[in-house]
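Work through the exercises below with the model open. Each solution follows its task.

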Amino acid sequence: MAFKIIVCAKQVPDTNEIKINPETGTLIRDGVPSILNNDDANALEEALKIKDMYPDTHVTVVSMGPPQAQEMLFECIAMGADEAVLLSDRAVGGSDTYATSNAIASTIQHIGEFDLIFAGRQAIDGDTAQVGPQIAEKLGLPQVTYVEEFSISEDMKEITVKRQLEDGYEMIKIKTPCMLTAIKELNEPRYMSMGGIFNPDKKIKVVSAADAEVDLTIVGLKASPTNVFRSFTPKPKGKGVTVEGDTEKEIAKNLLIDLKKKHII
Amino acid sequence: MANINFDEYKNIWVFVEQRNGKLMNVALELLGEGHKLSRDISDETKVCALLIGDGIENLAQECFEYGADCVYLIEDEKLKQYTTDGYTKVIADAVNEFKPDIFLYGATHIGRDLAPRVAARLKTGLTADCTHLDVSVAEYIKFAEENTTLNTKSLNPEDPNKNLKMTRPAFGGNLMATIVCPNHRPQMATVRPGVMQKMEPVAGATGEIIRIKPEISDADIHIQVVEVVKSAKELVSLTDADIICSAGRGIGDASGFDLMKKFADKVGGVVGSSRACVDAGWIDHSHQVGQTGTTVKPKIYFACGISGAIQHLAGMQNSDIIVAINKDPDSPIFEVADYGIVGDLYKVIPEIMAEWDNAEALYDATTK
């Protein structure tokens, strides 16, 4: 029987490319590319590595977002995923992490049986790291987050992972089915392949909340315990001074004199 | 949670994370923050530490000294080692029994694993990685006017609403959002380590210890922690450092960090890094400053060859003094720098090192 892996992925704006307009203090989002979230690429890569070893493995990428998130799912397929499912519905708009995890958990249940869910630790637009664990809670699965090494027993029943801590790591054994969240140390995501790009058997399925049998009372803005009270940009810090000097030595001296003068050193 | 009785929910809880019988710094920071918030709620509001483990009762004393009014103590040999399952179960049970109004966790690798799971089980909200908290609207207005571009005209300083206002960066620090959880309890947040202020400890402070007998069995825990390894690598204490010498892509390659190490040693600082260098494998991630690394606020932050990607700025722009060294005069780092040096870091840093001990004499010479 095929080993079934679900990979949770999100399309995000490349926050490295976002800049602040210094005059207005607002975000410049024009021309900012949308990308497959970094940690999610690591989650997908690890699933594909399992598939490399055990070709009978089936990898389904699940996402929630607007229809243009299909571009990101196309990239996942081109990397080697077997299929992709996008939950796209206005009814799930405005969801916080709790409502989002309800929607994605329902979609995963709709897809059917699975042995393993791999998600990225967090998405670079929100940085919450909450949706993975909350999907796991909703589905009643054990979880390990911050996974930086992964191995699986030959019978595909027992997983051993290295979980990163700030001051070291833990080695953890966990049985399938379970939820793991990946960090960048886990692997180096592969590039898209021509075979992946041109494989006509691989499909991206876009589903509505009704298609995926999502309970509308537990998703969307109204079902979200948290909401945004205010949003704003940080106050731009006043521009400082340029340290002058004809040589590097002179610049260094002028810097240190000023730091001394202001009792900073 | 349609029929929630808000009056039942009282007090501020802090998950005081301990590892190997030692409290995490952020736990003490949160007790200090909890104390501050409690005064803005009511005189009866208590700050309670939730202490979980095995054989860790002695840590209650430290909690009292750093601002806890009471300690809820849950001890069991099955809780000696942190597991998501075990801790989620006993915490959710305790919350259902004692009903805290506010519940804070440190945004550590453990706090960020645990809190979302607890929130989902309790069907309440959770705000991640907060950098500022308020209950009083007047205090929130004060914070917003000092630090943000928010127009506060729509807010009334007399507003008696005491909902927790949880402020956090989003979009890599480009945007700030204040999140509320108005209709669910407890109001939960994880808080960035290094941001909140510890209280001055009061030696000999005491308080009530409330023991909770956990209902936990082996069947509740679905993972097996085989071993916990403390990293042998040199511990980088970015959050405690007075001076941080940080390098970015402009350092060129891994060997550039040899210079940074010497620089840091000379000025009594520690070495920091942008994400780019960590991603390139030039230095360990424990050195990373920024939105996905460590948030720092040293007295002096030397940003060397760092362009100033927004994620990086989010993690260091509250430093007292920022000195930026970069070849490109248009680098965004110069927008936040107090001192900008346009030049080659490989030429500038050795000169700063050479003159560092002469600073006093150089300054004296200018005053004569």
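**Exercise 1.** State which domains the assignment gives for chain B, then describe their separation and contact.

*Solution.*
Step 1. This is a predicted model. Chain B is assigned domain 1, residues 6-220, and domain 2, residues 243-367.
Step 2. Take the C-alpha centres of these two domains of chain B. They lie 34 Å apart.
Step 3. Turn to the contact, with C-beta atoms within 7 Å as the cut-off. Domain 1 of chain B gives seven residues to it, and domain 2 of chain B gives eight residues.
Step 4. Sort the domain 1 side of chain B by class. Two residues are nonpolar, four are polar and one is charged.

**Exercise 2.** Do the domain assignment and the centre separation for chain A.

*Solution.*
Step 1. Domain 1 of chain A runs over 4-218, and domain 2 of chain A over 235-265.
Step 2. The C-alpha centres of domain 1 and domain 2 of chain A are separated by 46 Å.

**Exercise 3.** Check the span of helix H6 of chain A, then find what covers its buried residues.

*Solution.*
Step 1. H6 of chain A covers residues 248-261, which is 14 residues.
Step 2. The expected span uses 1.5 Å times one less than the number of residues. At 1.5 Å a residue, H6(A) should therefore span 20 Å.
Step 3. Compare with the model. The end C-alpha atoms of H6(A) are 20 Å apart, which agrees.
Step 4. List the buried residues of H6(A): A:Glu248, A:Ile251, A:Ala252, A:Lys253, A:Leu255, A:Leu256, A:Ile257 and A:Leu259.
Step 5. Look across to chain B. The cover over these buried residues includes strands E17 (321-326) and E18 (339-342) and helices H10 (345-356) and H11 (359-367) of chain B.
Step 6. Move past the helix. A:His263 follows H6(A) and has a positive phi, near 55°.

Notes:
Residues are numbered from 1 along each chain as its sequence is written. Chains are lettered from A and ligands numbered from 1 in the order in which they are written. This is a predicted model: local features need pLDDT of at least 70, side-chain atom pairs count only at pLDDT 80 or more; totals for chains, interfaces and linings use all residues. Domain bounds come from an automatic or database domain assignment. Two residues are in contact if their C-beta atoms, placed from the backbone, lie within 7 Å. Ala, Val, Leu, Ile, Met, Phe, Trp, Tyr, Cys and Pro count as nonpolar, Asp, Glu, Lys and Arg as charged, and the others, Gly among them, as polar. Helices (H or I, at least four residues) and strands (E, at least two) are DSSP runs, numbered from the N terminus. A residue is buried if 20 or more other C-beta atoms lie within 10 Å of its own, exposed if 12 or fewer, and partly exposed in between; C-beta atoms are placed from the backbone.
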